[in-house]
Number of protein chains: 2
Amino acid sequence: MSQWQRQRSTTVYENAWIRVREDEVTRPDGTPGIYGVVALQHPTVFVVPLTDDDEVVLVEVDRYAIGRMSLEVPAGGSDGEDPLHAARRELREETGLVADEWRPLAVNYSFNGVCDAPGHVFLACGLRPAGVGADRVGDVGGAADAAGAGPVDVAAEQAVEGIVGVRRVPWREALDLVRDGGITDAETVAALLHTAVALGRVR
Amino acid sequence: MSQWQRQRSTTVYENAWIRVREDEVTRPDGTPGIYGVVALQHPTVFVVPLTDDDEVVLVEVDRYAIGRMSLEVPAGGSDGEDPLHAARRELREETGLVADEWRPLAVNYSFNGVCDAPGHVFLACGLRPAGVGADRVGDVGGAADAAGAGPVDVAAEQAVEGIVGVRRVPWREALDLVRDGGITDAETVAALLHTAVALGRVR
(Lines give C-alpha, C1' and ligand atoms only; values in the text may rest on other atoms or scores of the structure.)
Protein backbone atom coordinates (compact mmCIF):
# COMPACT_ATOMS: atom_id res chain seq x y z
CA MET A 1 0.00 0.00 0.00
CA SER A 2 1.47 3.33 -1.02
CA GLN A 3 2.19 5.99 1.55
CA TRP A 4 1.62 8.61 -1.12
CA GLN A 5 -1.88 9.99 -1.59
CA ARG A 6 -3.03 11.48 -4.87
CA GLN A 7 -5.36 14.42 -4.29
CA ARG A 8 -5.80 15.57 -7.87
CA SER A 9 -4.37 14.70 -11.28
CA THR A 10 -4.10 16.81 -14.43
CA THR A 11 -2.79 15.70 -17.81
CA VAL A 12 -0.45 18.48 -18.93
CA TYR A 13 0.90 16.92 -22.13
CA GLU A 14 0.26 13.87 -24.27
CA ASN A 15 1.51 12.44 -27.55
CA ALA A 16 1.55 8.96 -29.10
CA TRP A 17 4.42 7.81 -26.83
CA ILE A 18 4.05 9.59 -23.49
CA ARG A 19 1.46 11.17 -21.23
CA VAL A 20 2.66 13.72 -18.69
CA ARG A 21 0.51 14.47 -15.69
CA GLU A 22 0.91 16.74 -12.70
CA ASP A 23 -0.54 15.34 -9.51
CA GLU A 24 -1.23 17.15 -6.29
CA VAL A 25 -0.05 14.71 -3.65
CA THR A 26 0.31 14.20 0.05
CA ARG A 27 3.85 12.96 0.57
CA PRO A 28 4.76 10.03 2.84
CA ASP A 29 5.64 12.47 5.63
CA GLY A 30 2.20 14.10 5.38
CA THR A 31 3.31 17.29 3.64
CA PRO A 32 1.57 18.48 0.44
CA GLY A 33 3.46 18.56 -2.84
CA ILE A 34 3.22 18.23 -6.59
CA TYR A 35 4.54 15.31 -8.62
CA GLY A 36 5.07 15.33 -12.37
CA VAL A 37 4.82 11.81 -13.80
CA VAL A 38 5.77 10.76 -17.34
CA ALA A 39 3.78 7.64 -18.20
CA LEU A 40 4.69 5.68 -21.28
CA GLN A 41 1.71 4.86 -23.47
CA HIS A 42 3.07 1.32 -23.93
CA PRO A 43 5.81 -0.79 -22.34
CA THR A 44 9.22 -0.80 -24.00
CA VAL A 45 11.03 -3.95 -25.16
CA PHE A 46 14.80 -4.48 -25.04
CA VAL A 47 16.51 -7.27 -26.93
CA VAL A 48 20.01 -8.63 -26.21
CA PRO A 49 20.90 -10.46 -29.45
CA LEU A 50 23.77 -12.87 -28.74
CA THR A 51 25.41 -14.63 -31.68
CA ASP A 52 26.80 -18.18 -31.66
CA ASP A 53 30.25 -16.53 -31.51
CA ASP A 54 29.33 -14.72 -28.28
CA GLU A 55 28.94 -11.33 -29.88
CA VAL A 56 26.28 -8.84 -28.84
CA VAL A 57 24.55 -7.17 -31.76
CA LEU A 58 24.27 -3.46 -30.97
CA VAL A 59 22.76 -0.57 -32.91
CA GLU A 60 24.29 2.85 -33.16
CA VAL A 61 21.45 5.32 -32.74
CA ASP A 62 21.33 9.06 -33.27
CA ARG A 63 19.37 9.89 -30.10
CA TYR A 64 17.40 13.08 -30.45
CA ALA A 65 16.56 13.52 -26.74
CA ILE A 66 20.21 13.61 -25.68
CA GLY A 67 21.61 15.05 -28.91
CA ARG A 68 24.26 12.38 -29.42
CA MET A 69 25.04 8.96 -30.80
CA SER A 70 24.46 5.99 -28.52
CA LEU A 71 25.45 2.33 -28.84
CA GLU A 72 22.54 0.23 -27.61
CA VAL A 73 20.70 -3.04 -27.67
CA PRO A 74 17.77 -3.02 -30.11
CA ALA A 75 14.72 -1.59 -28.36
CA GLY A 76 11.46 0.18 -28.93
CA GLY A 77 7.89 0.72 -27.91
CA SER A 78 5.60 -2.29 -27.87
CA ASP A 79 2.74 -0.26 -29.37
CA GLY A 80 0.22 -2.37 -27.49
CA GLU A 81 1.50 -5.66 -28.91
CA ASP A 82 2.50 -8.68 -26.87
CA PRO A 83 6.06 -7.91 -25.63
CA LEU A 84 7.64 -10.93 -27.34
CA HIS A 85 5.97 -10.05 -30.62
CA ALA A 86 7.24 -6.49 -30.26
CA ALA A 87 10.74 -7.74 -29.41
CA ARG A 88 10.82 -9.88 -32.56
CA ARG A 89 9.65 -6.94 -34.65
CA GLU A 90 12.20 -4.53 -33.16
CA LEU A 91 15.09 -6.95 -33.65
CA ARG A 92 14.11 -7.47 -37.26
CA GLU A 93 13.43 -3.82 -38.05
CA GLU A 94 16.61 -2.55 -36.44
CA THR A 95 19.11 -5.27 -37.38
CA GLY A 96 17.53 -7.35 -40.14
CA LEU A 97 17.90 -10.42 -37.92
CA VAL A 98 15.50 -13.04 -36.63
CA ALA A 99 16.18 -15.36 -33.68
CA ASP A 100 15.24 -18.98 -33.09
CA GLU A 101 15.50 -18.82 -29.28
CA TRP A 102 13.87 -16.18 -27.12
CA ARG A 103 14.27 -16.03 -23.37
CA PRO A 104 12.48 -13.43 -21.23
CA LEU A 105 15.01 -12.12 -18.70
CA ALA A 106 13.26 -9.41 -16.71
CA VAL A 107 10.65 -6.72 -16.47
CA ASN A 108 12.19 -3.56 -15.10
CA TYR A 109 11.29 0.11 -14.70
CA SER A 110 13.27 2.96 -16.20
CA PHE A 111 13.91 6.17 -14.29
CA ASN A 112 11.10 5.49 -11.84
CA GLY A 113 11.55 8.72 -9.90
CA VAL A 114 9.88 10.45 -12.84
CA CYS A 115 8.67 7.84 -15.32
CA ASP A 116 6.17 5.01 -15.30
CA ALA A 117 8.09 3.12 -17.97
CA PRO A 118 8.07 -0.67 -17.75
CA GLY A 119 10.54 -2.51 -19.95
CA HIS A 120 10.60 -6.15 -21.01
CA VAL A 121 14.12 -7.53 -21.50
CA PHE A 122 14.73 -10.54 -23.75
CA LEU A 123 17.76 -12.59 -24.69
CA ALA A 124 17.68 -13.61 -28.36
CA CYS A 125 19.91 -16.46 -29.60
CA GLY A 126 20.07 -18.57 -32.74
CA LEU A 127 20.34 -15.46 -34.90
CA ARG A 128 20.14 -15.41 -38.67
CA PRO A 129 19.28 -12.88 -41.35
CA ALA A 130 15.55 -12.37 -41.93
CA GLY A 131 14.40 -14.13 -45.08
CA VAL A 132 17.04 -16.85 -44.75
CA GLY A 133 16.04 -20.29 -43.53
CA ALA A 134 12.90 -21.27 -41.73
CA ASP A 135 11.13 -17.93 -41.43
CA ARG A 136 11.01 -17.59 -45.21
CA VAL A 137 8.66 -20.51 -45.55
CA GLY A 138 7.11 -20.24 -42.11
CA ASP A 139 7.67 -23.90 -41.25
CA VAL A 140 9.56 -23.48 -37.97
CA GLY A 141 8.57 -21.48 -34.96
CA GLY A 142 4.90 -21.43 -35.82
CA ALA A 143 2.79 -18.38 -35.16
CA ALA A 144 5.40 -16.70 -32.98
CA ASP A 145 8.02 -16.77 -35.70
CA ALA A 146 5.52 -15.85 -38.37
CA ALA A 147 4.88 -12.65 -36.41
CA GLY A 148 8.18 -11.34 -37.66
CA ALA A 149 8.06 -12.93 -41.07
CA GLY A 150 6.39 -10.21 -43.12
CA PRO A 151 8.41 -8.09 -45.50
CA VAL A 152 10.39 -5.41 -43.65
CA ASP A 153 12.42 -2.67 -45.29
CA VAL A 154 15.24 -2.64 -42.75
CA ALA A 155 17.04 0.34 -44.28
CA ALA A 156 13.87 2.44 -44.19
CA GLU A 157 13.07 1.42 -40.61
CA GLN A 158 16.60 2.24 -39.54
CA ALA A 159 16.50 5.63 -41.26
CA VAL A 160 13.27 6.74 -39.60
CA GLU A 161 14.64 5.86 -36.16
CA GLY A 162 18.07 7.36 -36.70
CA ILE A 163 19.96 4.07 -36.64
CA VAL A 164 23.23 4.67 -38.43
CA GLY A 165 24.90 1.31 -37.93
CA VAL A 166 24.70 -2.24 -36.61
CA ARG A 167 27.76 -3.67 -34.82
CA ARG A 168 28.62 -7.16 -33.65
CA VAL A 169 30.62 -6.62 -30.49
CA PRO A 170 32.31 -9.56 -28.71
CA TRP A 171 30.82 -9.94 -25.22
CA ARG A 172 34.14 -9.06 -23.51
CA GLU A 173 34.42 -5.90 -25.60
CA ALA A 174 30.87 -4.93 -24.69
CA LEU A 175 31.91 -5.06 -21.02
CA ASP A 176 34.94 -2.91 -21.83
CA LEU A 177 32.62 -0.40 -23.52
CA VAL A 178 30.47 -0.31 -20.36
CA ARG A 179 33.59 0.35 -18.30
CA ASP A 180 35.13 2.96 -20.60
CA GLY A 181 32.04 4.99 -21.52
CA GLY A 182 31.46 3.56 -25.00
CA ILE A 183 28.04 2.35 -23.86
CA THR A 184 26.14 5.00 -21.90
CA ASP A 185 22.56 3.86 -22.34
CA ALA A 186 21.41 2.85 -18.84
CA GLU A 187 18.86 0.33 -20.14
CA THR A 188 21.51 -1.35 -22.31
CA VAL A 189 23.82 -1.61 -19.30
CA ALA A 190 20.95 -3.09 -17.27
CA ALA A 191 20.08 -5.55 -20.05
CA LEU A 192 23.69 -6.74 -20.17
CA LEU A 193 23.64 -7.46 -16.41
CA HIS A 194 20.37 -9.37 -16.80
CA THR A 195 22.16 -11.39 -19.49
CA ALA A 196 25.31 -11.93 -17.41
CA VAL A 197 23.24 -13.11 -14.45
CA ALA A 198 21.11 -15.43 -16.60
CA LEU A 199 24.21 -16.97 -18.19
CA GLY A 200 26.11 -17.29 -14.90
CA ARG A 201 28.86 -14.91 -15.98
CA VAL A 202 28.93 -12.69 -12.91
CA ARG A 203 30.03 -13.58 -9.42
CA MET B 1 26.47 15.70 -36.01
CA SER B 2 22.83 14.86 -35.51
CA GLN B 3 20.69 13.79 -38.43
CA TRP B 4 17.67 15.22 -36.63
CA GLN B 5 16.73 18.83 -37.23
CA ARG B 6 14.76 20.85 -34.71
CA GLN B 7 12.38 23.21 -36.44
CA ARG B 8 10.57 24.60 -33.42
CA SER B 9 10.51 23.94 -29.67
CA THR B 10 7.77 24.62 -27.12
CA THR B 11 7.95 24.04 -23.37
CA VAL B 12 4.69 22.30 -22.49
CA TYR B 13 5.35 21.59 -18.78
CA GLU B 14 7.93 22.45 -16.17
CA ASN B 15 8.45 21.88 -12.46
CA ALA B 16 11.48 21.89 -10.16
CA TRP B 17 12.66 18.50 -11.45
CA ILE B 18 11.70 18.22 -15.12
CA ARG B 19 11.01 20.31 -18.17
CA VAL B 20 8.91 18.79 -20.94
CA ARG B 21 9.11 20.24 -24.42
CA GLU B 22 7.49 19.36 -27.69
CA ASP B 23 9.71 19.87 -30.70
CA GLU B 24 8.72 19.94 -34.32
CA VAL B 25 11.48 17.97 -36.01
CA THR B 26 12.69 16.70 -39.33
CA ARG B 27 13.51 13.04 -38.80
CA PRO B 28 16.70 11.36 -40.07
CA ASP B 29 14.79 10.08 -43.10
CA GLY B 30 13.65 13.62 -43.95
CA THR B 31 10.02 13.24 -42.83
CA PRO B 32 8.47 15.77 -40.43
CA GLY B 33 7.41 14.73 -36.94
CA ILE B 34 6.99 15.81 -33.36
CA TYR B 35 9.21 14.75 -30.47
CA GLY B 36 8.32 15.12 -26.79
CA VAL B 37 11.47 15.38 -24.67
CA VAL B 38 11.61 15.19 -20.87
CA ALA B 39 14.73 17.05 -19.73
CA LEU B 40 15.86 16.72 -16.15
CA GLN B 41 16.62 20.05 -14.50
CA HIS B 42 19.75 18.51 -12.93
CA PRO B 43 21.73 15.29 -13.39
CA THR B 44 20.92 12.37 -11.10
CA VAL B 45 23.46 10.62 -8.88
CA PHE B 46 23.48 6.89 -8.09
CA VAL B 47 25.55 5.42 -5.26
CA VAL B 48 26.53 1.75 -4.90
CA PRO B 49 27.49 1.49 -1.22
CA LEU B 50 29.56 -1.66 -0.72
CA THR B 51 30.43 -2.72 2.84
CA ASP B 52 33.67 -4.38 3.95
CA ASP B 53 31.63 -7.61 4.14
CA ASP B 54 30.68 -7.33 0.43
CA GLU B 55 27.11 -6.28 1.09
CA VAL B 56 25.30 -3.71 -1.06
CA VAL B 57 23.31 -1.19 0.98
CA LEU B 58 19.93 -0.79 -0.70
CA VAL B 59 16.95 1.38 0.14
CA GLU B 60 13.35 0.27 -0.12
CA VAL B 61 11.46 3.14 -1.70
CA ASP B 62 7.74 3.73 -2.09
CA ARG B 63 7.88 4.95 -5.69
CA TYR B 64 5.01 7.23 -6.54
CA ALA B 65 5.48 7.22 -10.33
CA ILE B 66 5.11 3.44 -10.61
CA GLY B 67 2.83 2.96 -7.59
CA ARG B 68 4.93 0.29 -5.92
CA MET B 69 7.84 -0.45 -3.63
CA SER B 70 11.27 -0.70 -5.22
CA LEU B 71 14.60 -1.90 -3.84
CA GLU B 72 17.30 0.43 -5.13
CA VAL B 73 20.71 1.93 -4.68
CA PRO B 74 20.58 5.34 -2.98
CA ALA B 75 20.00 8.02 -5.63
CA GLY B 76 18.62 11.46 -6.17
CA GLY B 77 18.82 14.74 -8.03
CA SER B 78 22.06 16.67 -7.84
CA ASP B 79 20.18 19.96 -7.47
CA GLY B 80 22.97 21.77 -9.30
CA GLU B 81 25.68 20.57 -6.90
CA ASP B 82 28.89 18.85 -7.91
CA PRO B 83 27.90 15.19 -8.53
CA LEU B 84 30.25 13.79 -5.87
CA HIS B 85 28.95 16.25 -3.31
CA ALA B 86 25.39 15.24 -4.21
CA ALA B 87 26.29 11.56 -4.00
CA ARG B 88 27.70 12.03 -0.49
CA ARG B 89 24.58 13.91 0.55
CA GLU B 90 22.20 11.31 -0.90
CA LEU B 91 24.05 8.42 0.74
CA ARG B 92 23.93 10.17 4.08
CA GLU B 93 20.32 11.34 3.83
CA GLU B 94 18.97 7.99 2.66
CA THR B 95 21.07 5.55 4.71
CA GLY B 96 22.74 7.55 7.50
CA LEU B 97 26.12 6.39 6.20
CA VAL B 98 29.25 8.17 5.09
CA ALA B 99 32.02 6.61 2.98
CA ASP B 100 35.77 7.07 3.06
CA GLU B 101 36.38 5.93 -0.53
CA TRP B 102 34.51 7.22 -3.54
CA ARG B 103 35.09 5.97 -7.06
CA PRO B 104 33.27 7.44 -10.07
CA LEU B 105 32.17 4.52 -12.25
CA ALA B 106 30.21 5.98 -15.15
CA VAL B 107 28.03 8.69 -16.56
CA ASN B 108 25.05 7.18 -18.28
CA TYR B 109 21.71 8.26 -19.71
CA SER B 110 18.35 6.96 -18.54
CA PHE B 111 15.56 6.19 -20.96
CA ASN B 112 17.14 8.27 -23.72
CA GLY B 113 14.33 7.67 -26.22
CA VAL B 114 12.27 10.13 -24.21
CA CYS B 115 14.46 11.65 -21.49
CA ASP B 116 17.55 13.81 -21.36
CA ALA B 117 18.55 12.40 -17.98
CA PRO B 118 22.28 12.05 -17.31
CA GLY B 119 23.24 9.99 -14.26
CA HIS B 120 26.53 9.86 -12.38
CA VAL B 121 27.26 6.44 -10.87
CA PHE B 122 29.62 6.12 -7.89
CA LEU B 123 31.00 3.23 -5.88
CA ALA B 124 31.23 4.06 -2.17
CA CYS B 125 33.41 1.96 0.14
CA GLY B 126 34.78 2.33 3.64
CA LEU B 127 31.27 2.85 5.03
CA ARG B 128 30.48 3.95 8.57
CA PRO B 129 27.57 5.64 10.32
CA ALA B 130 27.48 9.43 9.98
CA GLY B 131 28.69 11.12 13.14
CA VAL B 132 30.99 8.24 14.01
CA GLY B 133 34.71 8.62 13.45
CA ALA B 134 36.48 11.16 11.31
CA ASP B 135 33.57 13.06 9.84
CA ARG B 136 32.42 14.16 13.31
CA VAL B 137 35.52 16.26 13.78
CA GLY B 138 36.18 16.92 10.11
CA ASP B 139 39.82 15.84 10.29
CA VAL B 140 39.85 13.25 7.53
CA GLY B 141 38.67 13.67 3.96
CA GLY B 142 39.01 17.42 3.99
CA ALA B 143 36.50 19.59 2.20
CA ALA B 144 34.95 16.70 0.31
CA ASP B 145 34.07 14.83 3.49
CA ALA B 146 32.98 18.00 5.23
CA ALA B 147 30.39 18.40 2.47
CA GLY B 148 28.40 15.62 4.06
CA ALA B 149 29.23 16.44 7.65
CA GLY B 150 26.41 18.81 8.60
CA PRO B 151 23.60 17.60 10.81
CA VAL B 152 21.13 15.47 8.86
CA ASP B 153 17.85 14.14 10.20
CA VAL B 154 17.96 10.81 8.38
CA ALA B 155 14.49 9.69 9.51
CA ALA B 156 12.92 12.93 8.28
CA GLU B 157 14.77 12.78 4.93
CA GLN B 158 13.70 9.17 4.48
CA ALA B 159 10.08 9.98 5.29
CA VAL B 160 9.82 12.81 2.79
CA GLU B 161 11.20 10.59 0.00
CA GLY B 162 9.14 7.54 0.87
CA ILE B 163 12.08 5.40 1.99
CA VAL B 164 10.65 2.73 4.24
CA GLY B 165 13.77 0.68 4.92
CA VAL B 166 17.50 0.23 4.44
CA ARG B 167 18.82 -3.29 3.73
CA ARG B 168 22.34 -4.70 3.63
CA VAL B 169 22.21 -7.33 0.90
CA PRO B 170 25.16 -9.64 0.26
CA TRP B 171 26.48 -9.06 -3.28
CA ARG B 172 25.51 -12.57 -4.42
CA GLU B 173 21.99 -12.09 -3.11
CA ALA B 174 21.74 -8.78 -4.95
CA LEU B 175 22.49 -10.67 -8.19
CA ASP B 176 19.81 -13.21 -7.27
CA LEU B 177 17.36 -10.34 -6.77
CA VAL B 178 18.23 -9.00 -10.22
CA ARG B 179 17.58 -12.44 -11.69
CA ASP B 180 14.36 -13.15 -9.78
CA GLY B 181 12.64 -9.77 -10.04
CA GLY B 182 13.38 -8.51 -6.52
CA ILE B 183 15.26 -5.58 -8.03
CA THR B 184 13.37 -3.98 -10.92
CA ASP B 185 14.89 -0.50 -10.99
CA ALA B 186 16.76 -0.30 -14.31
CA GLU B 187 19.28 2.25 -13.01
CA THR B 188 20.08 0.05 -10.02
CA VAL B 189 20.65 -2.93 -12.32
CA ALA B 190 22.90 -0.76 -14.50
CA ALA B 191 24.83 0.52 -11.45
CA LEU B 192 25.43 -3.06 -10.32
CA LEU B 193 26.93 -3.97 -13.72
CA HIS B 194 29.16 -0.88 -13.59
CA THR B 195 30.29 -2.16 -10.18
CA ALA B 196 30.81 -5.73 -11.37
CA VAL B 197 32.87 -4.54 -14.34
CA ALA B 198 34.96 -2.18 -12.19
CA LEU B 199 35.69 -4.95 -9.69
CA GLY B 200 36.40 -7.60 -12.33
CA ARG B 201 33.49 -9.78 -11.31
CA VAL B 202 31.96 -10.38 -14.71
CA ARG B 203 33.41 -12.33 -17.59
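Through which surface do the copies, chain B and chain A, meet? In this predicted model, 100% of the interface residues of chain B are also interface residues in chain A, so the copies meet through the same surface. The legends below take up the pair of chains, the interface, selected salt bridges and two buried residues.

**Figure 1. Chain A of the predicted model, shown alone.** The secondary structure of chain A consists of 6 helices and 11 strands. Measured out along its principal axes, the C-alpha trace of chain A spans about 60 × 40 × 35 Å. Chain A has 203 residues, and buried residues make up 54% of them. Among the contacts in chain A with a separation of 6 or more, 57% are accounted for by residues 24 or more positions apart.

**Figure 2. Chain B laid on chain A by a turn of 180 degrees.** Two copies of a chain are related by a rotation about an axis and a shift along it. Here the superposition of chain B on chain A has an RMSD of 0.0 Å, with a shift of 0.0 Å along the axis. This is the relation of a two-fold axis.

**Figure 3. The interface of chain B and chain A.** On the side of chain B, 71 residues are in contact with 71 residues of chain A. The size of an interface is often given as the accessible area lost when the parts come together. Between chain B and chain A the buried area is about 6,300 Å², and carbon and sulfur atoms give 63% of this area. The largest share of the side of chain B that touches chain A comes from helix α6 (residues 186–198) of chain B, which supplies 9 residues. By residue class, the side of chain B that touches chain A divides into 39 nonpolar, 14 polar and 18 charged residues. Across the interface there are 36 residue pairs in polar contact, both residues being at pLDDT 80 or more. The rule finds 0 salt bridges across the interface of chain B and chain A.

**Figure 4. The salt bridge of A:Asp176 and A:Arg179 in helix α5 of chain A.** Side chains of opposite charge can pair when their charged atoms come close. In the salt bridge of A:Asp176 with A:Arg179, the closest N and O atoms are 3.6 Å apart. The two residues lie 3 residues apart in helix α5 (residues 171–180) of chain A, and are therefore separated by about one helical turn. A:Asp176 is partly exposed, with a relative accessible area of 26%. A:Arg179 is also partly exposed, its relative accessible area being 44%.

**Figure 5. The salt bridge of B:Arg179 and B:Asp176 in helix α5 of chain B.** The side chains of B:Arg179 and B:Asp176 meet at 3.6 Å, N to O. Because B:Arg179 and B:Asp176 are 3 residues apart in helix α5 (residues 171–180) of chain B, about one helical turn separates them. B:Arg179 counts as partly exposed at 45% relative accessibility, and B:Asp176 counts as partly exposed at 26%.

**Figure 6. A salt-bridge network in chain A.** Salt bridges that share partners join A:Asp79, A:Glu81, A:Arg89, A:Glu90 and A:Glu93 into one network. Over all chains, a search of the whole structure finds 27 salt bridges.

**Figure 7. The salt bridge of B:Asp23 and B:Arg21.** The closest N and O atoms of B:Asp23 and B:Arg21 are 2.9 Å apart. Both B:Asp23 and B:Arg21 are buried.

**Figure 8. The surroundings of A:His120 in strand β10 of chain A.** Strand β10 (residues 118–129) of chain A holds A:His120. With a relative accessible area of 19%, A:His120 is buried, because buried means under 20%. Leaving aside residues up to four places away in sequence, A:His120 touches A:Pro43, A:Thr44, A:Val45, A:Phe46, A:Pro83, A:Ala106 and A:Val107.

**Figure 9. The surroundings of B:Val178 in helix α5 of chain B.** B:Val178 counts as buried, at 1% relative accessibility. Beyond residues up to four places away in sequence, B:Val178 touches B:Ile183, B:Val189 and B:Leu192 of chain B, together with A:Leu193, A:His194 and A:Val197 of chain A. B:Val178 and B:Val189 are 11 residues apart along the chain, and their C-alpha atoms are separated by 6.9 Å.

Methods. Residues numbered from 1 in each chain as written. Chains lettered and ligands numbered in written order. Predicted model: local features only at pLDDT ≥ 70, side-chain atom pairs only at ≥ 80, totals over all residues. Heavy atoms only, no water. Least-squares fit on C-alpha atoms with pLDDT ≥ 70 in both. Contact = heavy atoms within 4.5 Å. Buried area = accessible area lost by both parts, 1.4 Å probe. Salt bridge = Lys/Arg side-chain N within 4 Å of Asp/Glu carboxyl O. Polar contact = N/O pair within 3.5 Å; in protein donor to acceptor, adjacent residues only side chain to side chain. Helix = DSSP H or I, 4+ residues; strand = E, 2+ residues; numbered from the N terminus. Nonpolar A, V, L, I, M, F, W, Y, C, P; charged D, E, K, R; others polar. Buried < 20%, exposed > 50% of the residue type's maximum accessible area, 1.4 Å probe, protein only.
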